[in-house]
Amino acid sequence: MEENQRLFLMASPLQGHITPLLHLADILFSKGFSITIVHTLFNSPDPASYPHFDFRSISDGLSQTEASTLDAVHLTDLINVRCRNPLRDLLAAALSQCRQRVPCFIADAALHFTQTVCDELKLPRLVLRTGAASSFLVFASFPLLRQKGYLPVQESRLEEPVVDLPPLKVKDLPKFPSQDPEAFYKLVCRFVEECKASSGVIWNTFEELESSALTKLRQDLSVPMYPIGPFHKHCLTGSTSSTSLLTPDKSCMSWLDTQERRSVVYVSFGSIAAISEAEFLEIACGLANSKQPFLWVVRPGLIHGSEWLEPLPSGFLENLGGRGYIVKWAPQEQVLSHPAVGAFWTHNGWNSTLESICEGVPMICMPCFADQKVNAKYASDVWKVGVHLQNKLERGEVEKTIKKLMVGDEVNEIRENAFNLKEKASVCLKQGGSSYNFLDSLVSDIFSLESSTSKAH
Ligand code: UDX
């Protein structure tokens, strides 16, 4: 790099968004950029994990009750309003004091307010989309889907195909359990619009995985697109750094060491999803009855109305004779790459889906909300690396689905598909691969961005 340049990046303060943004920052650091991470006080990342970055906090103005992920749409709406002035003040001051050239600001797509701030400061804005391109294509089609009557989703039409977006059915369309049913629609439309106003979109996906969605989005968004994922598989300088807001319980790795190859079902529903006590008990009994070993992440807050494992029948784990292991938070990437893991029962958050793809682990798909339904449909019907937990969340169904994926007739085919996809995820990052080349374009395009506030020294 001819001159040292500084990039400012800001994540949406949710685990599934913080992780890919920090990984992106590390990728760009490895290309020679200096990095400043702008963050809210709520869910702030740990600067000690990234001593090579500069961290700047801004006030998010959230009260104690507002600072919660229970309604992530409401939280995002608040941040989009309350962070506007603090971000503008921080950036204006930083740009006038910074001795390095600042070519652009990189912000999570959900933080749509950052486009207005950047416009005011005449600073180009690049967007980081942490989710899949396929789900974003659905988001970009929201106005059309509403016009055609697919949205809001009606119970009577769930099995109907969405003709404009094959292979989706109405039941696969994103929904969000927000206090204001219209808020999710408005937020999505707004962040899609502000992507169109940006200088480009960076994706944590790769061309071979989502070429059809990426091709359509290139036409719809009309801005440069950089699918440079999977981020976490780049050779990162800070790859030992933790991006977790919770401390992973590494004891599960020694337990995995004692299990047979491909025998364990890893169960985790990400950082936000919550389930009822009745659903929790169906999962527990289904896992026990399946007779497969399992590693289960029961995050504090996962079960509505419970602190942690109180609803579990007493002696549940003891009666399994070591076949089950429960942690509050796991080192997920390490878990998925462990040879003992044979399947991932997931809510299909995009990070979990991509991490599973990268390790070639077949999925049991149980999407909860938002983009997860689209990710799950692609995992099961397009990439054919997973099976859906159908119908009701019920112990007999759980047992049947686990057996289908671990010992059923389809196992070999799904494993082979998962292995092939893992290969593609690895090849795209190697010299000459699609993500490798898009990263080169991204770096050279950042150099050529015209920022009126930037100065070269
Ligand atoms: C949220 C949304 O729910 C999701 O739909 C969207 O795609 C991204 O933002 P989340 O629910 O947390 O994310 O799921 P996911 O995207 O899968 O991210 C969870 C992250 O936490 C993953 O990177 C996973 O590796 C990590 N994790 C999860 C752990 O490190 N340990 C755990 O025990 C569980």
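Reader: Why is Lys122 called exposed?

Author: In this predicted model, Lys122 has a relative accessible area of 54%. Exposed means over 50%, so Lys122 counts as exposed.

Reader: Where is Lys122 found, and what is its phi?

Author: Lys122 lies in the loop between helix H4 (113-121) and strand E5 (125-129). Its phi is near 55°, a positive value in a residue other than glycine.

Reader: What makes Asn348 buried or exposed?

Author: The relative accessibility of Asn348 is 0%. Buried means under 20%, so Asn348 is buried. Asn348 also has a positive phi, near 65°, and is not a glycine. Its place is in the loop between strand E11 (341-346) and helix H12 (350-359).

Reader: Which peptide bond before Pro152 is meant by the word cis?

Author: The bond from Leu151 to Pro152, where omega is near -10°. Pro152 sits in the loop between helix H6 (142-147) and helix H7 (181-196). A cis peptide bond also joins Pro166 and Pro167, with omega about 5°. Pro167 is likewise found in the loop between H6 and H7.

Reader: How many cavities of 30 Å³ or more does the search of the whole structure find?

Author: The search finds 2. The largest cavity has a volume of about 70 Å³, and the second largest has about 60 Å³.

Reader: What makes a residue such as Phe42 part of the lining of the largest cavity?

Author: A lining residue has an atom within 4 Å of a point of the cavity. Phe42 is listed in that lining, so Phe42 has such an atom. Others in the lining include Ile18, Leu22, His39 and Pro45. Helix H1 (15-30) and strand E2 (34-40) each supply at least two residues, and E2 gives the most, with 4.

Reader: How do the residues of that lining divide into nonpolar, polar and charged?

Author: There are 9 nonpolar, 3 polar and no charged residues. His39, Thr40 and Asn43 are in the lining and are absent from both the nonpolar and the charged classes, so they count as polar.

Reader: Which residues line the second largest cavity, and what are the charged ones?

Author: Among the lining residues are Thr19, His23, Phe231, Glu333, Asn351 and Glu355. The lining divides into 3 nonpolar, 5 polar and 2 charged. Glu counts as charged, so Glu333 and Glu355 are charged. H1 and H12 each supply at least two residues of this lining.

Reader: Which domains does the lining of the second largest cavity draw on?

Author: It draws at least three residues from each of domain 1 (6-235 + 429-456) and domain 2 (251-425).

Methods: Residues are numbered from 1 along each chain as its sequence is written. This is a predicted model: local features need pLDDT of at least 70, side-chain atom pairs count only at pLDDT 80 or more; totals for chains, interfaces and linings use all residues. Side-chain values use heavy atoms; hydrogens and water are left out. On a 1 Å grid over the protein atoms alone, a cavity is a set of points where a 1.4 Å probe fits but cannot get out, and a pocket is an open set with protein on both sides within 12 Å along at least five of seven lines; lining residues have an atom within 4 Å of a point. Grid points are joined across faces, edges and corners, and a volume is the space filled by probe spheres set on the points. Domain bounds come from an automatic or database domain assignment. Buried means under 20% relative accessible area, exposed over 50%, partly exposed in between (1.4 Å probe, protein chains only).
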